[in-house]
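Colleague: I am new to this structure and would love a close look at a single part. Could you walk me through the sheet and what lies around it?

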Amino acid sequence: MSRQAIFIDLQGTLGGEPLGDILNFSFYDFSIKAIKLLNKNSLLVFIITNQSHIAKGYLTMEQYENCVKELIHELELRGAKVDGIYCCPHGRGDGCDCKKPLPGLVKQAQKDYDIDLSKSYVVGDMGCTDMILAKNIGAKGILVRTGVGEGSLNEYRHTWQDVTANYVANNILDAVNWILSKKF
Ligand SMILES: [Mg+2]
Ligand SMILES: [Zn+2]
């Protein structure tokens, strides 16, 4: 049976990046709780992230992969699990099909799992990538106010003006509680 999946953006949604890149990423405490709630309810959890710093040469693939290993390890230690982490390493001019809001990362997840996109969600802090992606794949979109979320709702609203979030959440935990309230 096709399963419901939650595609979650990384930076600004699951944690902060005080110095501007994934090397300094740390999870918000409530993110761990949110992922555990999804695990407990048997929803698939994916992290999908644009890392154009790789294309720009600010971050090597090896650094990125080490970071991801550490993130997975931390989640494991804290009792939370993600089913996959998918990354677009490309830049704007590379002509790839995976840079959000393009659907390539979601398509990769679909190769690995049987997913019902119409019952799935994209949760993120950036309207012009995360909310447009939700629309592009026929899923529901939840914008979180953390990260650049407030900016997305205000001065950058024009960058995703044709799209509406299905829900605006204070943070990822609020988003997950909303998703679970729809499920039952
Ligand atoms: Mg983000
Ligand atoms: Zn890409």
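Modeller: Happily; here is the sheet, followed by the metal site.

This is a predicted model, where local features need pLDDT of at least 70 and side-chain atom pairs count only at pLDDT 80 or more, while totals for chains, interfaces and linings use all residues. Residues are numbered from 1 along each chain as its sequence is written, chains are lettered from A and ligands numbered from 1 in the order in which they are written, and side-chain values use heavy atoms, without hydrogens and water.

The open sheet has 6 strands in the order β5-β4-β1-β6-β7-β8, with parallel pairing. Here strands are DSSP runs of E with at least two residues, helices are runs of H or I with at least four, both numbered from the N terminus, and two strands pair if DSSP finds at least two bridges between them. Because β5 (84–88) and β8 (167–169) each have a single partner strand, they stand at the edges, with one side of each left without a neighbour in the sheet.

Further in, 3 bridges join β1 (residues 5–8) to the parallel β6 (residues 121–124), and I6 stands opposite Y121 in β6. Helix α5 (residues 127–137) packs on the sheet and touches β4 (44–50), β6 and β7 (140–144); contact means heavy atoms within 4.5 Å.

Now the metal: C88 (SG), H90 (ND1), C96 (SG) and C98 (SG) coordinate the zinc ion (ligand 2) at 2.0 to 2.3 Å. Donors are N, O and S atoms within 2.8 Å of the metal (3.2 Å for Na, K and Ca); water is not among the atoms, so sites may look incomplete. Along the chain, the donors of this zinc ion follow the spacing C-x1-H-x5-C-x1-C.

Technical notes
Axes are lines fitted to C-alpha atoms, for helices over the stretch in contact, and angles run from 0 to 180 degrees between N-to-C directions.
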